[in-house]
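Hello,

Here is the structure I promised to pass on to you. Please open it beside this email and follow along as you read.

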Amino acid sequence: MLHFADTCEALHPLGNECADQLAKEAITKGDPFLLPKPLSYLKSEIKSATLSICQDNWDNGETGRSIHDIVHRVSNKPVGWNREDIRFVTGYGPFPSYLHRFNLRTHDNCSCGEKGDPIHYATQCRFTLSWHFQTPTVSLKLQWLKNILTNNLSRTRLRLLMRFICDENNLIVEDNN
C-alpha cells in the first residue's frame, strides 16, 4: 500500500525541527512541561505542514507522473492498490516496452507482434483474451484507467491479467532477436 505522507514525513525534517523548537521554547520559559498549545494541536499542525510540503513535491516532481495523473492529492490514507495494480499503472514489470527501455530486450513488441505495453495486454493481445477490457480512446484513456482502479470487479480482472502475464512471461514476452 502506498503511504505518500509517511514517506514525506520520513524524508523531511520539518517535524523534528518543530518539536525541537517547541522544546527549546518550553525550557526557556522555565517550565519544561508547559507547552504553548495542546500536543494534539501541535501534532495536527506538523501533519498539515508536512502534507503541504509533500503535496508541493508531488505536484512539481518529475517522477511518478503516471500515478500523479490518477492520484492528485497526497494523503495519509492508503490508496488500496496492490503490487499488480501499481505495476500496471506505472508500466514497470514484465512488459516488453519496459524491458526494452532498459536494453533488456532488443525490441518492445509482444510475441503477437504489437507493442507490448500494459494497455496492449489489457485490450488487444491475443494471448490475454480472457481478461480484455474495452479499448479506450486516446482522449479517455486516463478516465478509463481511473474507472478500472475504482471498480472492484475490474481490479480483480486486472490483477488476474497481471498474474497471468507474470506466470506466462516466456509466452508473452518472447525475445525473437
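Below is what was found in it, starting with the whole chain and then moving to the helices and the charged pairs.

**The chain as a whole**

Please keep in mind that this is a predicted model. The chain holds ten helices and zero strands, so if you read along the sequence you meet the pattern α-α-α-α-α-α-α-α-α-α. There are 177 residues, and 34% of them count as buried. The chain exposes about 11,100 Å², and carbon and sulfur atoms supply 53% of that area. What about contacts between residues with a separation of 6 or more? Residues 24 or more positions apart account for 52% of those.

**Three helices that meet**

Three helices are worth finding on your screen: α5 (residues 83-90) and α8 (residues 141-150), together with α9 (residues 152-167). Two packed helices are described by the angle between their axes and the distance between the axes, and you can look at each pair in that way.

Take α5 and α8 to begin with. Their axes come within 12 Å and cross at roughly 175°. Angles over 145 degrees count as roughly antiparallel, and therefore α5 and α8 are roughly antiparallel to each other. Asp85, Phe88 and Val89 of α5 make the contact with Trp144, Leu145 and Leu149 of α8. By class, these residues divide into five nonpolar, no polar and one charged.

Next come α8 and α9, whose axes come within 5 Å and cross at roughly 95°. The two helices are therefore roughly perpendicular to each other. On the α8 side you will find Ile148, Leu149 and Thr150, and they meet Asn152, Ser154, Arg155 and Leu158 in α9. This contact divides into three nonpolar, three polar and one charged residue.

The remaining pair here is α5 and α9. They pack at an angle of about 80°, with their axes 9 Å apart, and are therefore roughly perpendicular to each other. The α5 residues in this contact are Glu84, Asp85, Arg87 and Phe88, while α9 brings Arg155, Leu158, Arg159, Met162, Arg163 and Cys166. Which classes do these residues fall into? Four are nonpolar, none is polar and six are charged.

**The salt bridges**

How many salt bridges does a search of the whole structure find? The search finds three.

One of them joins the side chains of Arg163 and Glu84, at 3.0 Å from N to O. Arg163 lies in α9 and Glu84 in α5, so this pair ties together parts that are 79 residues apart in sequence. Arg163 is partly exposed, with a relative accessible area of 39%, whereas Glu84 is buried, with a relative accessible area of 16%.

Another salt bridge pairs Asp85 with Arg155, where the closest N and O atoms are 3.6 Å apart. With Asp85 in α5 and Arg155 in α9, this pair links distant parts of the chain, 70 residues apart. Are these two residues buried or exposed? Asp85 is buried, and so is Arg155.

Asp85 also forms a salt bridge with Arg159, and here the closest N and O atoms are 2.6 Å apart. Because Asp85 lies in α5 and Arg159 in α9, the pair ties together parts that are 74 residues apart in sequence. Asp85 has 0% relative accessibility and so counts as buried. Arg159 is buried too, with a relative accessible area of 18%. Through shared partners, the salt bridges join Asp85, Arg155 and Arg159 into one network.

Asp85 is a good residue to click on while you look around. You will see Asp85 in the contact of α5 with α8, and again in the contact of α5 with α9.

**One residue in a loop**

Finally, please look at Asn103. This residue is found in the loop between α6 (96-101) and α7 (118-123). Its phi is near 55°, a positive value in a residue other than glycine. Is Asn103 buried or exposed? At 68% relative accessibility, Asn103 counts as exposed.

Enjoy exploring the model, and write back with any questions.

Best wishes

Definitions and conventions: Residues numbered from 1 in each chain as written. Heavy atoms only, no water. Axes fitted to C-alpha atoms, helices over the stretch in contact; angles between N-to-C directions. Helix = DSSP H or I, 4+ residues; strand = E, 2+ residues; numbered from the N terminus. Parallel < 35°, antiparallel > 145°, perpendicular 65-115°, else oblique. Contact = heavy atoms within 4.5 Å. Nonpolar A, V, L, I, M, F, W, Y, C, P; charged D, E, K, R; others polar. Buried < 20%, exposed > 50% of the residue type's maximum accessible area, 1.4 Å probe, protein only. Areas by Shrake-Rupley, 256 points an atom, 1.4 Å probe, with all protein chains shown as cover. Salt bridge = Lys/Arg side-chain N within 4 Å of Asp/Glu carboxyl O.
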